[in-house]
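Me: I am new to this structure and would like a close look at a single part of it. Please take one strand and describe how it sits among its neighbours.

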Amino acid sequence: MRIRLTWPGGQAHATLDDTPTARAVTAALPIRSRASTWGEEVYFDTGVEAALEPDAAQVVDPGTVCFWVEGRSLALPYGPTPASRGDECRLVTEVNLLGRLEEDPRVLAGIRAGMEITVEEAAG
């Protein structure tokens with residue numbers, strides 16, 4: 001499935017893999033939430049409950065669409081966080097891997113804490 005994320009002044013698209021958590025997130029669309037930031041990561045509550053999946057990881061590539069189970073949040077890292085070692089994208093805990101952003105992940109740098117983010121199904 002393909003999703004579109006929009007926020008004041010920007011948007012991005014992502015392709016999600018067929019995983020239990022990705023199916024739960026897409027079933028909850030559209031999602032409207034307020035952004036939080038942690039270093040070069042944007043995250044926001046989805047209201048979706050999920051369990052940690054077998055391929056969960058803590059260090060991911062920039063632009064990976066992640067789901068932080070404890071925070072019921074989509075987590076979108078685009079660079080180092082306070083937990084990172086060097087330039088890696090290290091999240092606070094292991095996260096479920098849902099897919100990838102289609103655009104350059106640095107597009108997320110324009111998102112500020114408190115901005116409204118909308119996630120909806122995208123054509124294609």
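Reply: Two strands are said to pair if DSSP finds at least two bridges between them. With that in mind, and remembering that this is a predicted model, one can turn to strand 8, which covers residues 73-77, and begin with its partner strand 7, made of residues 64-68, to which three bridges join strand 8 in an antiparallel run. Within this pairing, Cys 66 is placed opposite Ala 75 of strand 8. Strand 7 and strand 8 form a hairpin with four residues between the strands, and in that hairpin Arg 72 adopts a positive phi near 50°.

Strand 8 also pairs with strand 5, residues 41-45, again in the antiparallel sense and here over five bridges. In this second pairing, Phe 44 is the residue that stands opposite Leu 74 in strand 8.

As for how much of the strand is covered, five of the five residues in strand 8 are buried, so that the strand counts as mostly covered, where buried refers to a relative accessible area under 20%. The side chains can be followed in two sets: Ser 73, Ala 75 and Pro 77 point one way from strand 8, while Leu 74 and Leu 76 point the other way, and all of them are buried. Taken together with the pairings, this places Ala 75, a buried residue, opposite Cys 66, and Leu 74, which is likewise buried and points the other way from Ala 75, opposite Phe 44.

Terms used
Residues numbered from 1 in each chain as written. Predicted model: local features only at pLDDT ≥ 70, side-chain atom pairs only at ≥ 80, totals over all residues. Heavy atoms only, no water. Buried < 20%, exposed > 50% of the residue type's maximum accessible area, 1.4 Å probe, protein only.
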